[in-house]
Amino acid sequence: MGLFDKFEKGVERAVNGVFARTFKSRVQPVEIASALRRELDDRAAVLGRNRTLVPNHFTVTLSPDDHDRLAEWEDALADELAAATMEHADKQRYAFVGPVTVTLDRDEQLEVGLFDVASQTVKGAVAPATTRTATAGRPVIEVDGRAYVLTGPVTALGRGSDADIVLDDNGVSRRHAELRVDSSSGRTVLSVLDLGSTNGTFVGEHQISHQALQAGDVVSLGHTRIVVRDAG
């Protein structure tokens, strides 16, 4: 970051602080979204050509007044903020190492209109994929139009909250199936394993218990279709 950029950001923080204290303006979601985008840019780490990692876990700390006002829509707001963050990452060719999450916290000492953003890099079994994310050796699947990179050796699929990818589908068991990535042989092998689900797991039109997958395969769990975009 150049000297001018540092000066500009310092002025921005100072002005925002002064105006927030003077006019008691409440925090708006669009301000939080802008701060999350800046956090991505500031924390981006270039690991190699076409591979720039950014944080994926964000905590937004608000004043009691702002937190109470936004808490009513906390879940929906967190989802929207995460989506805006992923959209920015897509445009900037950033990559994540785990799912993107945004949580709202409160600080009794903060004044109305002031907020803080803290970020962490938290590894997970899946990460949101962008069309430009480098995925060498890491399979990419698509669930309900959203793409994911499988970053861990085992990815649990199911309706339960403990699944790595939660499927909002009454035809899916709480822990329905697992996607497994095995690179021990020097090449990446993606497979799906049914976990004794009630309605079964299908690849194409065939019910399976365990099967290797290739790009283009469609895995069906209940009413949910999972398309293998890249088998790694």
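How many bridges join E3 to E6, and do the two strands run parallel or antiparallel? Six bridges join them, and the strands run antiparallel. Keep in mind as you look around that this is a predicted model.

## The three-stranded sheet

E3 belongs to an open sheet of three strands, set out in the order E5-E3-E6 with mixed pairing. E5 and E6 sit at the edges with a single partner strand each, so one side of each has no neighbour in the sheet. From one strand to the next, the twist averages 20°.

You can follow E3 on both sides. Towards E6 the pairing is antiparallel, and there His 57 stands opposite Gln 120. Towards E5 there are six bridges as well, but here the strands run parallel. On that side, Thr 59 has Thr 103 of E5 as its bridge partner, while Leu 62 is partnered by Arg 106, again in E5.

## Helices on the sheet

Now look at what packs on these strands. H2 lies across E3, E5 and E6, and its direction makes about 40° with E6. H3 packs on the sheet too, where it touches E3 and E5 and runs at about 130° to E5.

H2 is worth a closer look. This helix has 15 residues and reaches 21 Å from its first C-alpha to its last, close to the 21 Å expected at 1.5 Å a residue. Its buried residues are Ile 32, Ala 33, Ala 35, Leu 36, Glu 39 and Leu 40. Why do they line one face of the helix? Seen down the axis of H2, they fall within an arc of 160°, so one face is what they line. What covers them includes the strands E3 (57-62), E4 (94-95), E5 (101-106) and E6 (115-120), along with H3 and helix H4 (74-92).

## Salt bridges around H2 and H3

The model has 10 salt bridges by the rule used here. One of them sits within H2: Arg 43 pairs with Glu 39, with the closest N and O atoms 3.7 Å apart. Both residues lie in H2, four residues apart, which is about one turn of the helix. Is each partner buried or exposed? Arg 43 is partly exposed, with a relative accessible area of 39%. Glu 39, at 15%, counts as buried, because the cut-off for buried is under 20%.

Another salt bridge brings together the side chains of Arg 26 and Asp 65, at 3.3 Å from N to O. This pair links distant parts of the chain, 39 residues apart: Arg 26 is in the loop between helix H1 (3-23) and helix H2 (29-43), and Asp 65 is in helix H3 (residues 64-71). Arg 26 is partly exposed, with a relative accessible area of 43%. Asp 65 is also partly exposed, at 31% relative accessibility.

## The five-stranded sheet

Further along the chain there's an open sheet of five strands, in the order E11-E10-E12-E13-E16 and with mixed pairing. Which strands are at its edges? They are strand E11 (165-166) and strand E16 (210-213), and each pairs on one side only.

Within this sheet, strand E10 (residues 154-158) pairs with strand E12 (residues 177-182) in the antiparallel sense, over four bridges. One place to spot the pairing is Thr 155, which has Leu 179 in E12 as its bridge partner.

## A network of salt bridges

Which residues are linked in a network of salt bridges? They are Asp 162, Arg 175, Glu 178 and Arg 180. Among the links, the side chains of Glu 178 and Arg 175 meet at 3.6 Å, N to O. Glu 178 is buried, with a relative accessible area of 10%, whereas Arg 175 is partly exposed at 36%.

How values were computed
Residues numbered from 1 in each chain as written. Predicted model: local features only at pLDDT ≥ 70, side-chain atom pairs only at ≥ 80, totals over all residues. Heavy atoms only, no water. Salt bridge = Lys/Arg side-chain N within 4 Å of Asp/Glu carboxyl O. Buried < 20%, exposed > 50% of the residue type's maximum accessible area, 1.4 Å probe, protein only. Expected span 1.5 Å × (residues − 1). Arc of directions from axis to C-beta. Contact = heavy atoms within 4.5 Å. Pairing = 2+ DSSP bridges. Axes fitted to C-alpha atoms, helices over the stretch in contact; angles between N-to-C directions.
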